[in-house]
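Notebook open, structure loaded. I want to look up the cysteines, then a strand and a helix, and jot down what turns up.

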Amino acid sequence: VPPHQTLAMTFTNKAAAEMRERVEKLLGMSARHGGRGFLGGPEIGTFHSVCVRLLRREAACTPFTQPFVIYDDSDQLTLIKGVLSKLGIDEKSFNPKSFQSAINRAKCDALEAADLQPAPHNIFEKQLKRVYEQYQKDLFTNNALDFGEIICMVYRILRDHPEVREKYQKRFRYIHVDEYQD
């Protein structure tokens, strides 16, 4: 198996570092290339780090006008509070953390705001759709991604851009997913 045609992913930075060290040792290669593996070696990282690298390589397929930043939970909550204020939604009636949790769940299922179908009498679900739509607009306006969006955006790029998908299918003929059961 040509090492450069291999993609290896895992869940934690620690596991990715251990995997990288073992592979470098097995292949007799020690010269790291920018912390992202080594020249001619496999691409190794966490799901998120591999996806971030792909997004940076395929920036033309993203909504960003300049290099993006990644929002952590605190940044995400701050943005949601701003969206609630912009939409005139009272934080006492609807907890911002509830919206944060619901948006994160939707992203885990690769659902965009347009995919949400609120129940007719569920006020929270109706507000969630509005909040999620505005949140995404503001997120992208800020040239930012949250952790859930990293994987979702890669999914959409590979789904919607056949030329990009084919490029990575040719490059990574062998894929190893560590701890997939988790």
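**Cysteines.** I searched the whole structure for disulfides and got zero. Note to self: this is a predicted model. A disulfide is a covalent bond between the sulfur atoms of two cysteines, so I went through the sulfur distances next.

Cys61 is in no disulfide, and its nearest cysteine sulfur, on Cys51, sits 14 Å away. Cys108 is in no disulfide either; there the nearest cysteine sulfur belongs to Cys152, at 7.6 Å. My cut-off for a disulfide is 2.5 Å between the sulfurs. I also checked whether Cys108 is buried or exposed. With a relative accessible area of 69%, Cys108 is exposed.

**Strand E1.** Next I looked at how well E1 is covered: five of its five residues are buried. Thr6, Ala8 and Thr10 point one way from the strand, while Leu7 and Met9 point the other way.

Which strands does E1 pair with? I found E5, in the parallel sense over four bridges, and E2, again parallel over four bridges. For single partners, I noted that Leu7 bridges to Ile175 in E5 and that Ala8 bridges to Ile44 in E2.

**Just before E1.** Pro2 lies in the segment ahead of E1. I logged Pro2 as partly exposed, because its relative accessibility is 31% and that class runs between 20% and 50%. I also took a C-alpha to C-alpha distance: Pro2 and Ala16 are 20 Å apart in space, with their positions 14 residues apart in sequence.

**Helix H1.** H1 covers residues 13-27, which makes 15 residues. From first C-alpha to last I get 21 Å, close to the 21 Å expected at 1.5 Å a residue.

Which residues of H1 are buried? My list reads Ala15, Ala16, Met19, Arg20, Val23 and Glu24. Looking down the axis of H1, I see these buried residues fall within an arc of 165°, so they line one face of the helix. The general rule I had in mind is that an α-helix has 3.6 residues a turn, so residues three or four places apart point the same way.

What do the buried residues of H1 pack against? I found strand E1 (6-10), strand E2 (43-46) and strand E5 (174-177). E2 and E5 were already in my notes as the pairing partners of E1.

On the face of H1 turned away from its buried side, I noted the exposed residues Lys14, Arg22 and Lys25. Last entry: Gly28 follows H1, and its phi is positive, near 70°.

How values were computed:
Residues numbered from 1 in each chain as written. Predicted model: local features only at pLDDT ≥ 70, side-chain atom pairs only at ≥ 80, totals over all residues. Heavy atoms only, no water. Helix = DSSP H or I, 4+ residues; strand = E, 2+ residues; numbered from the N terminus. Expected span 1.5 Å × (residues − 1). Buried < 20%, exposed > 50% of the residue type's maximum accessible area, 1.4 Å probe, protein only. Arc of directions from axis to C-beta. Contact = heavy atoms within 4.5 Å. Pairing = 2+ DSSP bridges.
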